[in-house]
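Q: I'm new to this structure and would like a close look at the empty spaces inside it. Could you walk me through them and what lines them?

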Amino acid sequence: MLDSIRKFLVDNKLDAFLVNSTNEYLVEYNSLEENSRYILTGFSGSTGDAIVTKDSVYLLVDGRYHIQADEEVNHNIVTVVKLQTGETVLGKMKELLPANCVLGIVAKKNSQKRFEDLNSVFDVKLLDLDPIEKAFSDKAQNIVDIDVKFTGLSVDEKLAILRKQIDLNDAVLVTNLEEVSYLFNLRDFSVPYSSKIMRRALITQNSATLFSRNEFEKYKDAISSVSGKIFVDKNTINARDFSIVGSKAAFFEKNPLTWMKAVKTEAEINHYKDAFKKTDLAVRAIRDFIENNDNISEYDISVQLEKEFKRFGALGLSFKSIVAKDKNSALAHYSKCSKDEILSDGSLVLIDCGAYYEGGLATDITRVFVKGNPSELQKRVYTTVLKAFLHSYNSDLKTGFEIDANARKLFNENNIDGFVFNHGLGHGIGVSVHEYPPNLSCNELAKVRLEDNMCFTIEPGLYNKDYFGVRLENSCYMNNGKIDSFVHMNYEKKLIDFSLLDEQEKSWLSEFEVI
């Protein structure tokens with residue numbers, strides 16, 4: 001395959017070719033069969049792209065995937081480039097490629113914003129074809145309506161809010177799947193680890209039309225028929241679709257649909273409260289399963305966990321559950337759930353999981369358990385991560401950027417040699433388990449003020465590939481200017497070293513059950 005890609009470079013007069021993990025919908029969690037980067041490198045993580053030059057193949061991954069990438073790729077072919085906290089893909093590409101580089105990117109697999117950013121540094125060629133991918137059509141979907149008692153706003157009410165932002169002959173083109181699913185109060189629970197519908201939407205003053213992948217010509221004709229401006233979001237529309245819109249393209253100063261989706265209605269908040277009660281019950285049941293059963297594997301736990309979710313009403317999982325024992329827990333997005341990894345006395349197991357219920361919003365929680373008695377190191381790391389959560393949760397800071405920085409300061413002040421915090425502190429949740437806004441990280445995106453009814457995770461962690469990792473994650477929301485937790489699943493008393501907690505931290509901890 002690599003030889004054919006390098007021939008592709010020569011045929012298209014390219015110095016380098018960017019190989020994406022996503023598809024034309026720019027989804028985060030793409031199926032491996034559609035994931036060109038996976039087909040090329042063997043790396044199965046949800047994010048991270050590859051670059052092919054005439055001499056090298058680079059795989060760029062963030063801190064969540066450093067260890068996993070090392071384990072999955074053939075290092076004789078692929079060089080793993082590990083982005084550190086605060087580093088960007090574009091910044092690293094500047095180091096790897098010459099400034100006059102002719103870079104090929106697949107137009108439908110990169111946002112217009114990314115194309116413009118890359119083109120400001122390199123000579124970018126937009127390509128119609130991806131030489132790695134196969135031809136795909138949208139699969140049959142089982143699309144269902146979400147009752148307004150869960151959404152708080154009907155489709156007509158949402159459309160009315162959106163239409164107030166445009167003139168009579170204008171239109172809004174919505175290509176982000178979360179936004180389409182949100183706007184039309186539609187979900188599909190038949191696809192694993194998703195509730196999104198695979199559609200684009202064109203909204204005018206008189207119509208609201210959905211288009212499948214198989215209706216591409218109809219989609220182009222509808223765009224052509226708009227006589228006025230077509231409002232798009234450069235962050236979420238791919239470069240191919242943007243070129244179809246052409247000179248009609250217009251932009252909101254602040255995308256009204258993005259912010260409507262980010263600030264949940266009271267009905268959505270109430271649904272989330274109910275959904276997390278059920279999520280807590282499933283995780284508490286799996287805690288009991290671990291406590292009361294011997295000779296169980298990561299795989300056994302993951303199977304039982306899905307059963308527990310469904311027992312408490314889940315329609316599907318919001319992502320593939322992470323069940324990671326001992327050293328595997330140091331991989332922030334470990335995904336194997338091995339039958340060969342058997343828990344024994346002293347085994348630490350990290351479980352990161354979530355589900356969808358009838359309202360179609362993703363839940364997300366992470367807890368860490370130990371089989372039998374923990375070591376002193378396990379207790380110290382667990383307690384330090386718990387301290388970081390408590391300080392973040394009780395912060396009166398107003399942006400995710402500030403809260404993330406405060407957590408990193410705490411970790412630096414309570415340094416444990418060899419253990420690192422190598423990912424953002426949290427992310428927005430909603431139709432998908434990762435959404436923006438809001439965001440809690442050292443990224444510029446996280447400088448957005450957290451508003452009431454925004455929903456997000458707080459998930460500090462510490463990881464050492466030679467020992468284990470601990471991450472403690474609660475999904476939360478802003479409630480009258482303060483952070484409130486949807487999650488009330490207990491913390492593990494036997495993993496807490498109370499001598500490391502001051503009186504304020506103990507008081508904060510009393511809000512949550514400790515067993």
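A: Here is a tour of the empty spaces, with a little background on the protein around them.

A quick note on ground rules: this is a predicted model, where local features need pLDDT of at least 70, side-chain atom pairs count only at pLDDT 80 or more, and totals for chains, interfaces and linings use all residues. Residues are numbered from 1 along each chain as its sequence is written, and side-chain values use heavy atoms, with hydrogens and water left out.

Let's start with the whole protein. Its secondary structure comes to 16 helices and 25 strands; these are DSSP runs numbered from the N terminus, with helices being H or I of at least four residues and strands being E of at least two. The C-alpha trace spans about 65 × 55 × 40 Å along its principal axes. Of the 515 residues, 58% are buried, where buried means under 20% relative accessible area, exposed means over 50%, and partly exposed is in between, using a 1.4 Å probe and protein chains only.

Now for the gaps. Rolling a probe the size of a water molecule over the atoms shows where empty space is left. The search runs on a 1 Å grid over the protein atoms alone: a cavity is a set of points where a 1.4 Å probe fits but cannot get out, while a pocket is an open set with protein on both sides within 12 Å along at least five of seven lines, and lining residues have an atom within 4 Å of a point. Grid points are joined across faces, edges and corners, and a volume is the space filled by probe spheres set on the points.

The structure holds two cavities of 30 Å³ or more. The largest cavity has a volume of about 80 Å³. Its lining includes Val172, Leu173 and Val174, along with Phe231, Asp233 and Phe252. Strand β8 (residues 171-174) gives the largest share of that lining, three residues. Sorted by class, the lining of the largest cavity has seven nonpolar, three polar and two charged residues. Here Ala, Val, Leu, Ile, Met, Phe, Trp, Tyr, Cys and Pro count as nonpolar, Asp, Glu, Lys and Arg as charged, and the others, Gly among them, as polar.

The second largest cavity holds about 40 Å³ of space. Around it sit Gln68, Glu71, Glu72, Leu331, Tyr334, Ser335 and Lys336. By class, that makes two nonpolar, two polar and three charged residues.

On to an open space: the second largest pocket, with about 300 Å³. It is lined by 17 residues, and the closest to its centre are His66, Ile67, Val420, Asn422 and Lys465. Helix α3 (residues 66-72) gives the most to this lining, with three residues. The class count for the pocket is six nonpolar, seven polar and four charged residues.

Finally, two single residues to look up in the view. His271 is found in helix α12 (residues 266-292) and is buried, with a relative accessible area of 4%. Leaving aside neighbours within four places in sequence, His271 is in contact (heavy atoms within 4.5 Å) with Phe150, Tyr357, Glu358, Gly359, Gly360 and Leu361. Asp145, in strand β7 (residues 143-145), is exposed, with a relative accessible area of 65%. Beyond neighbours within four places in sequence, Asp145 is in contact with Asn185 and Leu186.
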